[in-house]
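Here's a protein to explore together. Take a look at the sequence and the structure, and then we'll walk through it piece by piece.

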Amino acid sequence: MSLGAGAGAVTEIRDICHLIGGQAVASAEGKTFETRDPHDNSVIGTVARGSAVDGERAVAAARKAFDEGPWPGMTPTERRKILHDVADAVDAHREELAMLETVDSGKIIRQALHGEMPRVAQNLRFFADYAAMATDEAYPNGPVLGYSLRPPAGVVSAISPWNAPLMLATWKAAPALAFGNTVVLKPAPQTPLTAARFGELATAAGLPEGVLNIVHGFGADEVAGPLTSDPRVDRITFTGSSATGARIMAAAAPHLTPVSAELGGKSANIVFDDADLDVAVPESIKAIFGGNGQVCFSGSRLFVQRGILPAFLERFTAEAEKIVVGDPKRHETFMGPLIEQRHLDKVQGYVDLAQKEGGTVLTGGSPVTTGELSRGFYYAPTVITGLTNDTRTAQEEIFGPVETVIPFDTEQEALRLANSSPYGLAGILFTTNLDRAHRMAAHWKAGTVWVNCYFERDLRMPFGGEGISGVGREGGPHSREFFTEPRAVVLRI
Ligand code: NAD
C-alpha cells in the first residue's frame, strides 16, 4: 500500500433543495442535514431534509405530470430526443459531476470521470434508444388478431444507495422515463450532490416539469415513507441493502405495488489451478479492492484451488500491498476513503470478528491515518486466511476492502461453497477449462457469472440477484417488462 498525495480541499458548501414539480424547494418543515467529504469529514453541502409531507408532494407532482402532462403521451421517439439532450448535458458537465461524486462519496476520480459519468449518459441513451426501437408481439390467428401494447406503468419511486450514486440513480430513472413514466427519485442521504445537479441539468435540457422529481433525506419515517406506501405510486425500483429491501416490500404490500429490488451480495470468486494467474490475480484484486469493496458485486469470498494457494496468495497479497490508498481526487489513487465513520467501524468490527473466528490477517486490518488522511475514513486493503465458509465473516456482507481466502479441492466442492450463502448476486470464475466454465455457470446461484473477467456489463442482459440479493431483473427487455403494463389486445376482424 502506498499513499496518494493530497489534492486540495473543496471549499464551496452547496445548498441542496428538493426538485418537485419543476421547482427547487426547501423542506416543508425547514429541516436540513449535512453531507460531508469522506476524505476529511468537511461539510460540503447543506441538504433539505425531507419529511413525509415532502414525499407526498413529490408523489403528487409525479402523479399530476403523469395524468395531465405530455410525457406519457409522447411517442418513444419524442422522449428519446429529450433524453438524448439530457445525456448530452451530462457529457458536457462530466468533469463537474465526476468531481461532485468524488467529494461526496470518496469514489476515485478516475472511476467517476472515465467509468460512472459516461455510464450515466449511456444509461439515458441506451434506454431512450431501446424504448424507441423495441418491437412487439402480434399473433394473427384466422379471423382473430392478437397484439400487445405496453403503456407506461405510471408513477415510479426510485430509491438508490450511496456506492455508485448517479450511475445507479439513472440506472433506475432512465428506463422509467424512457418507457413513459414519471419519477420520484430519492438518492442516499450520504451522497445527494450529483442527483441534485442532474435534476438541474435535466430540467434545463427540456424534461417537462414534474416528470423527474428528486427528494432528499432518510427512510420510512421521513421522506421515503410515501415513496413506498402511497397508493399513487405504481412501481418501486430499489437498490440497497437486503434488510431495507425487505422493509420496502412490506411497505408496498398493502397496495400490491410491484417492487424491483437489487440488493446485497457476498459473491464467490473461484480460482482453479488451471487459471491464467496473470489474469486471475489483477482481476481478483479489482473484484475486492476496486471501489473499496463497497460494490454489491464484490468477490468477497475468494476460493482458491489448494495446489496453487501458496503461489496465488503470495502474488495476491503483494498486489494488495502495492495498492495506492489516498485522496480520491488524485488520478494515481486506487482506493479512496470509505463512505463514513460508522461504516469504517462496521468494517473494523468484521476484521476483529474474523480473528475471533480463527482467521489470520495477512495484510491490512486497520484504518490508514497517515498524514493528510488522518481526518478521513481510510482503511487498508485487507486479506484474511484461516476461516471456513460458514463463519459470520464469510457469510455476512462487509461491504469493505476485506477479502477472505478459503482453499478448495474439487470443482464440486467449489460450487457447493459458492452456493452456500443466502446471497446470490454474482459469481466470478477463473479457469482455462471451457467445459468447466459452462458447467459451473449452469449451476451457480447467481444473477451474473463472469468467467475470466469482472464487471463487464451489457445493458441488454438481465441484471439482478437470487436469494436475498434481489427480486426481479432489470436491463433491456427486463426493464421494459417492469416499467410498463403489458396489455393483450384481441381483435376479431
Ligand atoms: P440502504 O439499504 O441503507 O439504503 C439505500 C437507500 O434506501 C437509501 O436511499 C436510503 O435512504 C433508503 N432507505 C433506507 N430505509 C428505507 C426505507 N425503510 N424505505 C425506503 N427507503 C429507505 O443501503 P446503502 O447502505 O445505501 O447501500 C449499500 C447496500 O446496497 C449494500 O447492501 C449493497 O450490496 C447494496 N447495493 C446493491 C446493488 C445491486 O445492484 N444489487 C448495487 C449497489 C448497492
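Leaving aside its neighbours within four places in sequence, which residues is Tyr130 in contact with? The answer is Ala178 and Gly476. Keep in mind as you read on that this is a predicted model.

## Around Tyr130

You'll find Tyr130 in helix 4. Is this residue buried or exposed? Tyr130 has 22 other C-beta atoms within 10 Å, and 20 or more is what it takes, so Tyr130 is buried.

Here's a nice case of the chain folding back on itself in space: Tyr130 and Phe179 are 49 residues apart in sequence, yet from C-alpha to C-alpha they are 9.2 Å apart.

## The nonpolar core

Now for the inside of the protein. The largest nonpolar core is made of 144 residues. Helix 4, which covers residues 109-133, gives this core its largest share, eleven residues.

Which residues have the most contacts inside the core? Those are Val183 and Phe303. If we skip its neighbours within four places in sequence, Phe303 is in contact with Ala268, Ile270, Ile406, Phe408, Ala414, Leu417 and Ala418.

## What UniProt says

The UniProt entry, an unreviewed one, lists residues 28-489 as "domain: Aldehyde dehydrogenase". Over that stretch, the chain is 41% helix and 20% strand. The C-alpha atoms at its two ends are 45 Å apart.

UniProt also has an "active site" annotation, again from an unreviewed entry, and it covers Glu262. Where is Glu262 found? Look in strand 13, residues 259-262. With 27 C-beta neighbours inside 10 Å, where 20 or more are needed, Glu262 counts as buried. Apart from its neighbours within four places in sequence, Glu262 is in contact with Thr239, Gly464, Gly465 and Gly470.

## The ligand's surroundings

On to the ligand, which has 30 residues around it. Pro161, Gly219, Gly240, Thr244 and Cys296 are the ones that come nearest. Two elements each give two or more residues to this shell: helix 7 (224-229) and helix 8 (242-252). Helix 8 provides the largest share, three residues.

What kinds of residues make up the shell? There are 14 nonpolar, twelve polar and four charged ones.

## Two sets of strands

Let's start with strand 18, residues 382-385. Thr382 and Ile384 point one way from this strand, while Val383 and Thr385 point the other way, and all are buried. Strand 18 has partners too. Strand 17 (residues 360-363) runs antiparallel to strand 18, and three bridges join them; here Val361 stands opposite Ile384. Strand 19 (residues 402-408) runs parallel to strand 18, with four bridges between them. The bridge partner of Thr385 in strand 19 is Val405.

Strand 27, residues 487-492, gives another picture. How many of its six residues are buried? The number is zero, so strand 27 lies largely in the open. Strand 27 has a partner as well: six bridges join it to strand 8 (residues 144-149), and the two run antiparallel. To spot one pair for yourself, find Ser148 and then its bridge partner in strand 27, Ala488.

Methods. Residues numbered from 1 in each chain as written. Predicted model: local features only at pLDDT ≥ 70, side-chain atom pairs only at ≥ 80, totals over all residues. Near = placed C-beta within 6 Å. Nonpolar A, V, L, I, M, F, W, Y, C, P; charged D, E, K, R; others polar. Buried ≥ 20, exposed ≤ 12 C-beta atoms within 10 Å, placed from the backbone. Pairing = 2+ DSSP bridges. Core = buried A, V, L, I, M, F, W, Y, C linked by C-beta atoms within 7 Å. Contact = placed C-beta atoms within 7 Å. UniProt positions renumbered as here; feature names shortened; annotations may be inferred.
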